[in-house]
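Here's a quick briefing to read with the model open beside you. Have a look at the sequence and structure first, then work through the points below.

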Number of protein chains: 2
Amino acid sequence: MEKKEKQILPCDEGCPVKASLKILGGKWTMMIIFQINDDVMRYGELKRAIPSISEKMLIQELNMLVENKLVTKKAYPEIPPRVEYRLTELGLKTLPIINKLVEFGLENLV
Amino acid sequence: MEKKEKQILPCDEGCPVKASLKILGGKWTMMIIFQINDDVMRYGELKRAIPSISEKMLIQELNMLVENKLVTKKAYPEIPPRVEYRLTELGLKTLPIINKLVEFGLENLV
DNA sequence: TAGGGTACCTACTTAATGGTTAGAATTATT
DNA sequence: AATAATTCTAACCATTAAGTAGGTACCCTA
């Protein structure tokens with residue numbers, strides 16, 4: 001009689017959840033993506049849209065999102081400065097995640 | 001001529017993204033939910049399934065998930081002890097989020 | 001000339017997270 | 001009699017993430 005052992009496939013480096021969270025797991029990351037959505041957003045608009053975020057965190061996250069190619073940044077050579085952020089193709093592909101998050105929040109928490 | 005101003009609805013306390021992330025935003029939370037899925041999982045199985053998590057974090061997260069009613073815990077009065085975790089109704093409702101996360105990871109990152 | 005608006009950056013401090021080690025409890029096995 | 005197995009706690013320290021406060025730059029308006 002053999003011991004029946006449950007099959008477990010260890011989920012480490014290649015784990016898709018882990019990989020996604022590495023980019024999206026920051027405290028503010030998904031909130032920012034949610035706010036930009038399929039629109040254009042200026043820095044100041046984002047700041048007003050997420051009042052509880054600090055300026056440091058906002059730019060830090062935006063820089064990180066640009067680095068990870070989820071967001072594009074377009075700065076106009078004007079005074080006062082104007083900078084626009086929008087989601088890339090890749091960034092847009094994260095919206096289904098955010099939408100599910102919104103759905104869950106609306107139906108169960110808020 | 002009026003200045004056309006963009007309409008912004010500040011997303012603070014009642015924001016569904018924020019509310020969801022408050023419960024699900026931990027570094028390991030979604031990984032654990034992903035592993036339990038619609039199955040039963042013992043503590044040791046989870047540990048093996050997520051090799052990079054420390055015991056402390058695993059228990060800490062599991063306790064938090066039980067507190068937040070996403071997971072139920074059933075301990076059998078045996079020696080050696082046996083404890084089973086599974087998702088609650090509410091926990092099961094987070095699976096669509098995790099699935100989207102998996103999808104995104106598989107298609108774009110891994 | 002003082003202040004406002006916009007988009008940052010930098011340094012410092014605090015809070016959150018994570019790792020390590022040790023140990024408890026109880027029985028079967030060696 | 002010592003060891004292994006399993007689930008968990010507690011204490012301590014290290015690392016990382018996040019918050020706070022200040023400063024820069026430029027032009028316009030008052």
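A polar contact here is a pair of N or O atoms within 3.5 Å; within protein, one must be able to donate a hydrogen and the other to accept it, and residues adjacent in sequence count only if both atoms are side-chain atoms. By that yardstick, a polar side-chain atom of Trp28(A) sits 3.3 Å from a phosphate oxygen of DNA strand D. Bear in mind that this is a predicted model, where local features need pLDDT of at least 70 and side-chain atom pairs count only at pLDDT 80 or more, while totals for chains, interfaces and linings use all residues. Residues are numbered from 1 along each chain as its sequence is written, chains are lettered from A and ligands numbered from 1 in the order in which they are written, and side-chain values use heavy atoms, with hydrogens and water left out.

**Around DNA strand D**

- DNA strand D is surrounded by 17 residues, the closest being Lys27(A), Lys56(A), Ile79(A), Lys73(B) and Tyr85(B); a residue is near a strand or molecule if one of its heavy atoms lies within 4 Å of it.
- Of this strand's atoms within 4 Å of the protein, 59% are sugar or phosphate and the rest belong to bases.
- Lys56(A) goes for a base: one of its polar side-chain atoms is 2.2 Å from a base oxygen of DNA strand D.
- Over on chain B, an N or O atom in the Arg42(B) side chain is 3.0 Å from a phosphate oxygen of DNA strand D.
- At least two residues each come from α4 (55-67) of chain A and from α3 (43-49), α4 (55-67) and β3 (82-87) of chain B; helices (H or I, at least four residues) and strands (E, at least two) are DSSP runs, numbered from the N terminus.
- α4(B) gives the most to this surface, with three residues.
- By class, the surface near DNA strand D has nine nonpolar, three polar and five charged residues (Ala, Val, Leu, Ile, Met, Phe, Trp, Tyr, Cys and Pro count as nonpolar, Asp, Glu, Lys and Arg as charged, and the others, Gly among them, as polar).

**Around DNA strand C**

- Here 19 residues surround DNA strand C, and the closest are Arg42(A), Glu55(A), Tyr85(A), Lys27(B) and Lys56(B).
- Sugar or phosphate makes up 63% of the atoms of DNA strand C within 4 Å of the protein, with the rest in bases.
- Phosphate oxygens of DNA strand C lie 2.7 Å from a polar side-chain atom of Tyr85(A), 3.4 Å from an N or O atom in the Trp28(B) side chain and 3.1 Å from one in the Ser54(B) side chain.
- α4(A) gives the most to the surface near DNA strand C, with four residues.

**The sheet in chain B**

- Three strands of chain B form an open, antiparallel sheet in the order β1-β3-β2 (two strands pair if DSSP finds at least two bridges between them).
- β1 (41-42) and β2 (71-76) of chain B are the edge strands with a single partner strand each, so one side of each has no neighbour in the sheet.
- Two bridges join the antiparallel β1(B) and β3(B), and Met41(B) has Tyr85(B) as its bridge partner in β3(B).

**How the two chains relate**

- Chain B superposes on chain A by a rotation of 180° with 0.0 Å of shift along its axis (RMSD 0.1 Å); the fit is by least squares on the C-alpha atoms of residues with pLDDT of at least 70 in both copies.
- That is the relation of a two-fold axis.
- Of chain B's residues, Ile97(B) comes closest to the rotation axis, with its C-alpha at 2.9 Å.
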